[in-house]
Amino acid sequence: ALLVLAVAPALAQVDVVETEPQPAGAPPTRITLGYQHQFSSDIDNGGKFDREAVVVRGVHAFKLGDDVTLMAGAAYQGRYYEFSNASTSFPPGRNWSDIHQGTLTSILSWKVADHWALLGGGLIRSTAEGGANFGDSLNGGGGVGFIYSSSPDFRVGVLVAVLSQIE
């Protein structure tokens, strides 16, 4: 199942994190790929931009016991921007071109009852503009949550996490 992860250093963000393995018989490893293109979007006060995004995610389920599974994952997202006539929208030289984000996650799922599982884990992430200092881009944190499964086709859950700059 996919779970929405709310990360809040000061403002809330939404992220998608793999939290439990596929149904019995499915392979323990999943890889997903994605691509997006946003065409010529207007900017207030003039200018336009285009954006492309590439996403690659992989996750592997390690069965640690009958009721305990460790989901270890890695993801990369690249967002590539192209601005035109945006000089009135941003200070000169402040337009960016690409943003890179790499994430490593580790989520433990423990089935505590027929329909309930508890979650806990951590993540480390780097988010930076191309050419930025890698050390300045690192943040990490951890979270706890739960999943309720009423049937194999319906699951809902919440994972609340805290994410902070690594200094």
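**Exercise 1. The nonpolar surface patch**

Task: In this predicted model, find which residues make the nonpolar surface patch of about 670 Å² and which strand gives the most to the patch.

Solution:
- Step 1. List the members. They are Ile-31, Leu-33, Tyr-35, Val-54, Val-56, Tyr-76 and Tyr-80.
- Step 2. Assign the strands. β3 (29-42), β4 and β5 (68-84) each supply at least two of these residues.
- Step 3. Find the main contributor. β3 gives the most, with three residues.
- Step 4. Check one member. Tyr-80 lies in strand β5. Its relative accessible area is 31%. Partly exposed runs from 20% to 50%, so Tyr-80 is partly exposed.
- Step 5. Recall a general point. Side chains in a regular strand alternate between the two faces of the sheet.

**Exercise 2. The nonpolar core**

Task: Name the residues of the largest nonpolar core, and say which strands each supply at least two of them.

Solution:
- Step 1. Collect the residues. The core has eight: Val-59, Ala-61, Met-71, Ile-107, Ala-117, Leu-119, Ile-147 and Leu-159.
- Step 2. Match them to strands. β4 (48-63) and β7 (116-129) each supply at least two.

**Exercise 3. The β8-β9 hairpin**

Task: Work out in which sense β8 and β9 pair, parallel or antiparallel, and over how many bridges.

Solution:
- Step 1. Locate the strands. β8 covers residues 138-151, and β9 covers residues 154-165.
- Step 2. Read the pairing. The sense is antiparallel, over twelve bridges.
- Step 3. Look at the connection. Two residues stand between the strands, and β8 and β9 form a hairpin.
- Step 4. Pick a position. Val-144 stands opposite Val-160 in β9.

**Exercise 4. A loop serine**

Task: Decide whether Ser-137 is buried or exposed, and list what Ser-137 touches.

Solution:
- Step 1. Place the residue. Ser-137 is found in the loop between β7 and β8.
- Step 2. Apply the cut-off. Buried means under 20% relative accessible area. Ser-137 has 5%, so it counts as buried.
- Step 3. List the contacts. Leaving out residues up to four places away in sequence, Ser-137 touches Arg-125, Ser-126, Thr-127, Ala-128 and Gln-165.

**Exercise 5. The whole chain**

Task: Describe the protein chain by its helices and strands, its buried share and its surface.

Solution:
- Step 1. Count the elements. The chain has zero helices and nine strands. Along the sequence the pattern is β-β-β-β-β-β-β-β-β.
- Step 2. Take the buried share. Of 167 residues, 31% count as buried.
- Step 3. Take the surface. The accessible surface comes to about 10,300 Å², and 59% of it belongs to carbon and sulfur atoms.
- Step 4. Look at contact range. Among contacts between residues at least 6 apart in sequence, 49% join residues at least 24 apart.

Conventions
Residues are numbered from 1 along each chain as its sequence is written. This is a predicted model: local features need pLDDT of at least 70, side-chain atom pairs count only at pLDDT 80 or more; totals for chains, interfaces and linings use all residues. Side-chain values use heavy atoms; hydrogens and water are left out. A nonpolar core is a set of buried Ala, Val, Leu, Ile, Met, Phe, Trp, Tyr and Cys residues joined through side-chain atoms within 4.5 Å. Buried means under 20% relative accessible area, exposed over 50%, partly exposed in between (1.4 Å probe, protein chains only). Helices (H or I, at least four residues) and strands (E, at least two) are DSSP runs, numbered from the N terminus. Two strands pair if DSSP finds at least two bridges between them. Contact means heavy atoms within 4.5 Å. Accessible areas come from the Shrake-Rupley method with a 1.4 Å probe; for residues, only the protein chains shown count as cover. Patches are made of residues with over 30% relative accessible area and no salt bridge: like charges are joined within 9 Å, nonpolar side chains (Val, Leu, Ile, Met, Phe, Trp, Tyr) within 5 Å. A salt bridge is a side-chain nitrogen of Lys or Arg within 4 Å of a carboxyl oxygen of Asp or Glu.
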